[in-house]
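Please find below a short note for a student who is beginning to read protein structures. It should be read with the sequence and the model side by side.

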Amino acid sequence: MPRPHIITMTGYYRVSTKAEAQQTSFKNQPAYFRTLLKDPKYKNYRPAKKFYCDWGLSGTKLNRPGFVEMLEDAGLDVEIEDRDDIPHPKYPDKVMKQRLYKVSVNPKKKPKFEEIWIKTTSRFARNINAYEILMTLRNAGVFVYFISKDLSTRNLEDMPAIRQCLSEDMSYSEQLSRDGKIKQQQFEEEGRLLGCPFGYDYHKKTKTTLPYYTINPVDGEVVRKMFEYCIQGLGSRNISKKLADEGHLTKKKKPFAVS
């Protein structure tokens, strides 16, 4: 009898934030793949040398280190080109960042695996280019299996359902973004804070205490300086410049803005 074809698989997993609540999910996802491999249904599968992951990165972004590495190891070339912003098709008063994300099959690259396992379509990407990437992977002989939906790009009859799931994922992400902006505006109008303000640490509710804030020992000193300079009569721009001159920048290493 001929030997059964052995399929080399890898896994990709992602969580969109670095929140404590998602750390468990991040740790459980690779274990989930390994447990599934023990099922007799997948006796002809073997794991690749590594799984790929991205921690704290949104699926709306395609330029994720783990994601890009996976595509390149799948035999693709990835090219990212930034272009001028364009008007948003749904919201004329807003613009969309134009980032051209090109993927192509490199015939000189041999894929390191034949199949990618991902728990859901939303873990893959919440981006308009997601379907094109799946088709390019398919052309390279690498297929993606979405476990929760039991859909695979290996099966052409599954492709319409996969496309529909990706479209729904993107719509859901856009709705969350709109809701978040509305909530932010509402909080600003009511003079409330959304999230933890700079200079403070947030402590979650426990069985014995309500949620509360404490002053961050490092960032809190910067906030004190802001108030001191304000009392001295400096405007926001001058305060920002003075703080930058003293080496005080935001966590993104940029000067403090008015907000």
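The numbered points below discuss a predicted model.

1. The main core. The largest nonpolar core contains 32 residues, and Leu 71, Phe 124 and Leu 137 have the most contacts inside it. At least two residues of this core come from each of helix H2 (65-73), strand E4 (76-87), strand E5 (95-105), strand E6 (115-118), H4, strand E7 (143-146) and helix H5 (159-189). Helix H4 gives the most, with 5 residues.

2. A second core. Apart from the largest core lies another, of 14 residues. Among them are Met 9, Tyr 45, Phe 51 and Trp 117.

3. Helix H4. This helix spans residues 130-139, and its buried residues are Ala 130, Tyr 131, Ile 133, Leu 134, Thr 136 and Leu 137. A general rule helps in reading such a list: an α-helix has 3.6 residues a turn, so residues three or four places apart point the same way. Just after H4, Gly 141 adopts a positive phi of about 85°.

4. Contacts of Leu 137. Which residues does Leu 137 touch, not counting residues up to four places away in sequence? They are Leu 71, Ala 74, Leu 76, Ile 116, Phe 124, Val 142 and Val 144. Two of these partners, Leu 71 and Phe 124, are named with Leu 137 as having the most contacts inside the largest core.

5. Strand E6 and its two faces. In a regular strand the side chains alternate between the two faces of the sheet. Are the faces of E6 covered or open? Both are covered: Glu 115 and Trp 117 are buried on one side, and Ile 116 and Ile 118 are buried on the other.

6. The neighbours of strand E6. Strand E1 (residues 7-15) runs parallel to E6 and is joined to E6 by 3 bridges. Here Thr 10 has Ile 116 of E6 as its bridge partner. Strand E7 is also parallel to E6, with 4 bridges joining the two. In this pair, Ile 118 stands opposite Phe 146 of E7.

7. A nonpolar surface patch. Tyr 200, Tyr 202, Tyr 213 and Ile 215 make a nonpolar patch of about 420 Å² on the surface. Strand E9 (200-203) and strand E10 (212-215) are the elements that give two or more residues to this patch. Tyr 202, which lies in E9, has a relative accessible area of 43% and is therefore classed as partly exposed. The limits for that class are 20% and 50%.

Note on methods: Residues numbered from 1 in each chain as written. Predicted model: local features only at pLDDT ≥ 70, side-chain atom pairs only at ≥ 80, totals over all residues. Heavy atoms only, no water. Buried < 20%, exposed > 50% of the residue type's maximum accessible area, 1.4 Å probe, protein only. Core = buried A, V, L, I, M, F, W, Y, C linked by side-chain atoms within 4.5 Å. Contact = heavy atoms within 4.5 Å. Pairing = 2+ DSSP bridges. Patch = residues over 30% accessible without salt bridge, like charges linked within 9 Å, V, L, I, M, F, W, Y side chains within 5 Å. Areas by Shrake-Rupley, 256 points an atom, 1.4 Å probe, with all protein chains shown as cover. Salt bridge = Lys/Arg side-chain N within 4 Å of Asp/Glu carboxyl O.
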